[in-house]
Amino acid sequence: MAAPTMNNRMIKWFDDRLPIFTFMHHELHEYPTPKNLSYWWNFGSLAGIMLVVMIVTGIVLAMHYTADANLAFGSVERIMRDVNYGWLLRYIHSNGGSMFFIVVYIHVFRGLYYGSYKSPREVLWWLGIIILLLMMATAFMGYVLPWGQMSFWGATVITNLFSAIPLVGDSIVTWLWGGFSVDDPTLNRFFSLHYLLPFVIVGVVVLHLWALHVHGSNNPKGIDMKGPQDSIPFHPYYTVKDLFGAALFFVVYAVFIFFFPDYLGHPDNYIPANPLVTPAHIVPEWYFLPFYAVLRAFDFDIWFMPAKLLGVIAMFASILVLFVLPWLDTSRVRSGTFRPVFKWFFIILIIDCVVLGYVGAKAPNDPLIASQESVQAANDEYNACVAKADAAGKNGEEECDKPFFVQYVHLGQLTTAYYFFHFLLLLPILGRTERTLPLPTSISEPVTKGGAGAGQ
Amino acid sequence: MNGDGVMTRRIVTGLAAAILGLGIATAAQASGGGTVGERHWSFQGIFGTYDRAALRRGLQVFQGSCASCHGLKYIAFRNLQDVGFTEGEVKAIAVDYTIADGPDDAGDMFERDGKPSDRFPSPFANENAARASNGGALPPDLSLIVKARADGANYLYGLLTGYHDEAPKGVELMEGMYYNDAFSGNQIAMPPPLFADGVDYEDGTEATVEQMAADVTTFLAWAASPEMETRKRLGIKVILFLLVLSGLLYAVKRKVWADVH
Ligand code: HEM
């Protein structure tokens, strides 16, 4: 690791006193990176780019936004209509939230497939999950700021979850709200925190990258670099590859911004918040839907635990389980490429998460298969039967068979159960029993033998 | 080492399915209640623009048939200049309105003629007054209505053309309610606002209910997204630029990576 040659005397003078240029040269230029990273490795840098995009557009939006329950909605419309290119700013930021989540979800699933969470990258993985949690808090509070109907009711539903905590729940909710309902004080603190948290994320990203650079990137083969023949310098190889990926990604992003700017949002959020009118369906942003489905999967109490508390615990557990993943996955082989059984379960897990998201968008008690009409008819028949039995002096609810039909919540329960099954039971067992394929001896081996190298 | 390529393809397919699934989910969550058909709109598609003649007619319909109950508070008269009205026309439109202003030097509120920088005044002083005049129901401000409903343009058109003279058999209409196909629950407190020849179109178009509904929908779609034409025009440029940039970067990447293997 030679120090960079510095021709500029000023830079050299500065670097002798604070070796920041040497540091950057090591970490961004020389930094030895596996030569076989596929395009799935682009999503980390894309997440970083999105973070910058969000912070920059967010700061400018904040210059025009008013955090006041009476003025917030109108101030956003002013940004859309009267601020020069305000609509562009706002659509970059609002769609940016979605793009950021798409990128980070892909980034996380990349890690799940290639076993990037395994030793020695556990701390790196933890930091990633902390980033994910911070992003969720930031996005949730950001969605409240335009103070539309979904802002208000989403905030009400989600903050209300804390009331499930035994004994102190209600006090906590009052404390969070700064009053007895979601109102002006809530909006103001959410704005303050929405401004703060992204900078906390920046801090954790720095730690994330620090941890990354200790052992270097994992790679599609999941084996360690064994020498200089396995690595290439980060610059120019990965800088140009990341830039190419970013440009392509921005095409997709631009399609949303310019042509479907409200597609990922909910129309109700263009109705000003109204505490007296509850929307027919309160749904969070799409990236929270799988968690929303887990939350609502619990429509039954267990012992002294009310359904609501169970739902909240399960929802948080669905992320917290990732913290112990490095120890739940007992396989010594990192990459899914060499795990023929794991591969299939990985695909099932993705489908499971997508189905959870689908369920999260639905009213839990709507029929899943039966038509609305036939359910209506069965219910009418049941009600008529109950009424008749009651009139005859019998207990109608005992006399008549309540019609049963499969509802979305049942699918949600199934997929929630499967999610936890995957992490808590399947991975520990699979790691011990699966017959993995033979690992290549080095990253460059198959390439020198003339095989098709994975990705480039 | 083919496994990796296969996996990559599988993941891509999975993701595509996920994104599709999302689409279905949002479309499905949007529905609920009334029935709405589909129409072709001038402002649809990536090259869509607002039909200028329809906008002018739509303004006429809005002023003649809606403004007595509904506000349009995010639109200033001068905004009409962005879609082809001349300065003179805008002044003439504004002058017809009386705007409450003040306080003046003596501290009194006063009324004056509208100016291009004024916004369309709301017909009622406040929510209570609006409800009192509408049998308890609140006519919403229409500035954002097309964005505030799923599939807004088709919905609005469906709402305006979806009235029945009488409720279908077996449906009990509540006091002061009208039967409407598009409205969720089918009972709406808004009386049918459009009648054939309800306005006298300046351009001589025949004022059928469908024509008026389509025109006012175009007008309100513009009111909800006045930036749309600029947005789409800029979007095409930005995307073309990014595609070229991607192509160039891909070429550079190929060149840089040529010696790695
Ligand atoms: C603000 C969000 C995030 C940013 C900016 C970010 C940034 C990055 C960057 C630039 C890399 C290196 C490039 C790469 O390997 O893809 C990386 C690697 C990594 N990130 Fe993140 N990340 C974020 C969120 C997360 C989350 C939520 C997780 C997991 C829960 C995570 C887990 C990882 C792991 C395991 C690696 C090492 C990957 C490997 O080498 O295989 N990251 N991150």
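## Iron site of the ligand

Two histidines of chain A serve as the protein donors of the ligand's iron atom: His107(A) and His208(A), each through NE2, at 2.1 to 2.2 Å from the metal. His107(A) belongs to helix α5 (residues 86-114) of chain A and His208(A) to helix α9 (residues 184-215) of chain A, so the pair ties together parts that are 101 residues apart in sequence. Both His107(A) and His208(A) are buried. The structure described here is a predicted model.

The iron atom has 6 donor atoms around it, and the angles they subtend run from 76 to 178°. The arrangement is classed as irregular because six donors count as octahedral only if opposite donors are over 155 degrees apart and all other angles lie between 65 and 115.

## Two helices and their spans

Helix α6 (residues 122-144) of chain A contains 23 residues, which at 1.5 Å a residue should span 33 Å; the C-alpha atoms at its ends are 34 Å apart, in agreement with that expectation. This helix is mostly covered, with 17 of its 23 residues buried.

In chain B, helix α7 (residues 228-257) has 30 residues and an expected span of 44 Å at 1.5 Å a residue, and the distance of 42 Å between its end C-alpha atoms agrees. Among the buried residues of α7(B) are Met228(B), Ile239(B), Leu242(B), Leu249(B) and Trp257(B), and also Glu229(B), Arg231(B), Lys232(B) and Lys253(B). The buried residues of α7(B) pack against elements of both chains: α5, β2 (231-233) and α10 (234-259) of chain A, together with α2 (52-66) of chain B. Helix α5 of chain A, one of these packing partners, is also the helix in which His107(A) lies.

## Overall makeup of chain B

Chain B comprises 7 helices and 6 strands. Read from the N terminus, its elements follow the order α-α-β-α-β-β-β-α-α-β-β-α-α. Of its 261 residues, 39% count as buried. Among the contacts in chain B with a separation of 6 or more, 62% involve residues 24 or more positions apart. The accessible surface of the chain is about 14,000 Å², and carbon and sulfur atoms contribute 56% of this area.

Strand β1 (residues 72-76) of chain B is mostly covered, 4 of its 5 residues being buried. It pairs with strand β4 (residues 119-120) of chain B in the antiparallel sense, over 2 bridges. Within this pairing, Leu72(B) has Phe120(B) of β4(B) as its bridge partner.

## Backbone features in loops

Each chain contains a cis peptide bond before a proline. In chain A, such a bond joins Ser119(A) and Pro120(A), with omega about 5°; Pro120(A) lies in the loop between α5 and α6 of chain A. In chain B, the peptide bond from Gly102(B) to Pro103(B) is cis, and omega is near 0°. Pro103(B) is placed in the loop between β2 (98-101) and β3 (110-113) of chain B.

Positive phi values occur at two residues that are not glycine. Trp303(A) has phi near 55° and is located in the loop between α11 (289-297) and α12 (307-328) of chain A. With a relative accessible area of 79%, Trp303(A) is exposed. Asp151(B) has phi of about 50° and is found in the loop between α4 (127-133) and α5 (152-161) of chain B. Its relative accessibility of 45% makes Asp151(B) partly exposed.

Terms used:
Residues numbered from 1 in each chain as written. Chains lettered and ligands numbered in written order. Predicted model: local features only at pLDDT ≥ 70, side-chain atom pairs only at ≥ 80, totals over all residues. Heavy atoms only, no water. Buried < 20%, exposed > 50% of the residue type's maximum accessible area, 1.4 Å probe, protein only. Pairing = 2+ DSSP bridges. Contact = heavy atoms within 4.5 Å. Areas by Shrake-Rupley, 256 points an atom, 1.4 Å probe, with all protein chains shown as cover. Donors = N, O, S within 2.8 Å, 3.2 Å for Na, K, Ca; no water. Tetrahedral: all angles 85-135°; square planar, octahedral: opposite > 155°, others 65-115°. Expected span 1.5 Å × (residues − 1).
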